[in-house]
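I opened a fresh page for this structure. Here is what I looked up, entry by entry.

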Amino acid sequence: MRVMGWVKDRFSEHRAYAAEVPKLWDKVRDNIGEAVSEFNEQTGPKALGFADCMANGKYCTRIHKAINNSSIEVYLDESDRSLNVSREGRRSSGKICGYRIAEDHKGAEFFVQEPHETALRAITVDEACQKALAEFIFTPFPALP
């Protein structure tokens, strides 16, 4: 009995990540852009801004809050396969969730493991971005116009 194929599988997995992670990141950036736009519609123009940055690698976006001149970076850590947030003035990053190739191999997806669950649960890009941004943009809650 010949057991082989794990090398080929590793190459296949690497190719899948190389092809799908940029697409996943584009969805994250689009979602952040939409969140910033919605926030500014509710609070006034330029309350939040965002731009690509290289602070934490090629998959990194900085969100700036004008009211208190603070910022965070949302980024993908390719070595850890996770979505993270790095807050200005803090030494360590916060892991939001992991990402993986979906079971159907038709793209990459985010996932979490809740403390009360044993299995990993896929989450949408919207859920991942909400986990990454909500505390930053809503603390303190902005004054309503």
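**Entry 1: a surface patch.** I started on the outside, where Trp 6, Val 7 and Phe 11 make a nonpolar surface patch of about 370 Å². A patch takes residues with over 30% relative accessible area and no salt bridge, joining like charges within 9 Å and nonpolar side chains (Val, Leu, Ile, Met, Phe, Trp, Tyr) within 5 Å. Areas come from the Shrake-Rupley method with a 1.4 Å probe, and for residues only the protein chains shown count as cover. Trp 6 sits in helix 1 (residues 6-43) and is exposed, at a relative accessible area of 63%. Exposed means over 50%, buried under 20%, and partly exposed in between.

**Entry 2: ground rules.** I noted that this is a predicted model, in which local features need pLDDT of at least 70, side-chain atom pairs count only at pLDDT 80 or more, and totals for chains, interfaces and linings use all residues. Residues are numbered from 1 along each chain as its sequence is written, and side-chain values use heavy atoms, leaving out hydrogens and water.

**Entry 3: the whole chain.** I found two helices and seven strands, in the order α-β-β-β-β-β-β-β-α. These are DSSP runs numbered from the N terminus: helices are H or I with at least four residues, strands E with at least two. Of the 145 residues, 37% are buried. The C-alpha atoms fill a box of roughly 70 × 35 × 30 Å along the principal axes.

**Entry 4: Lys 65.** Which side chain of opposite charge is nearest to Lys 65? It is Glu 135, 9.2 Å away, and Lys 65 is buried without a salt bridge. A salt bridge needs a side-chain nitrogen of Lys or Arg within 4 Å of a carboxyl oxygen of Asp or Glu. For charge, Lys and Arg count as positive, Asp and Glu as negative, while His and the chain ends are not counted. Lys 65 lies in strand 2 (residues 60-65), and a polar atom of its side chain is 3.0 Å from the backbone oxygen of Thr 139. Beyond its neighbours within four places in sequence, its contacts (heavy atoms within 4.5 Å) include Phe 136, Thr 139 and Pro 140.

**Entry 5: backbone details.** I then followed Thr 139 to Pro 140, where the peptide bond is cis, with omega near -5°. Pro 140 is in the segment after helix 2 (125-138). Asn 69, in the loop between strand 2 and strand 3 (70-77), has a positive phi near 50°. His 105, in the loop between strand 5 (94-101) and strand 6 (108-112), has a positive phi near 60°. Asn 69 is exposed at 55%, and His 105 is exposed at 64%.

Key:
Buried < 20%, exposed > 50% of the residue type's maximum accessible area, 1.4 Å probe, protein only. Polar contact = N/O pair within 3.5 Å; in protein donor to acceptor, adjacent residues only side chain to side chain.
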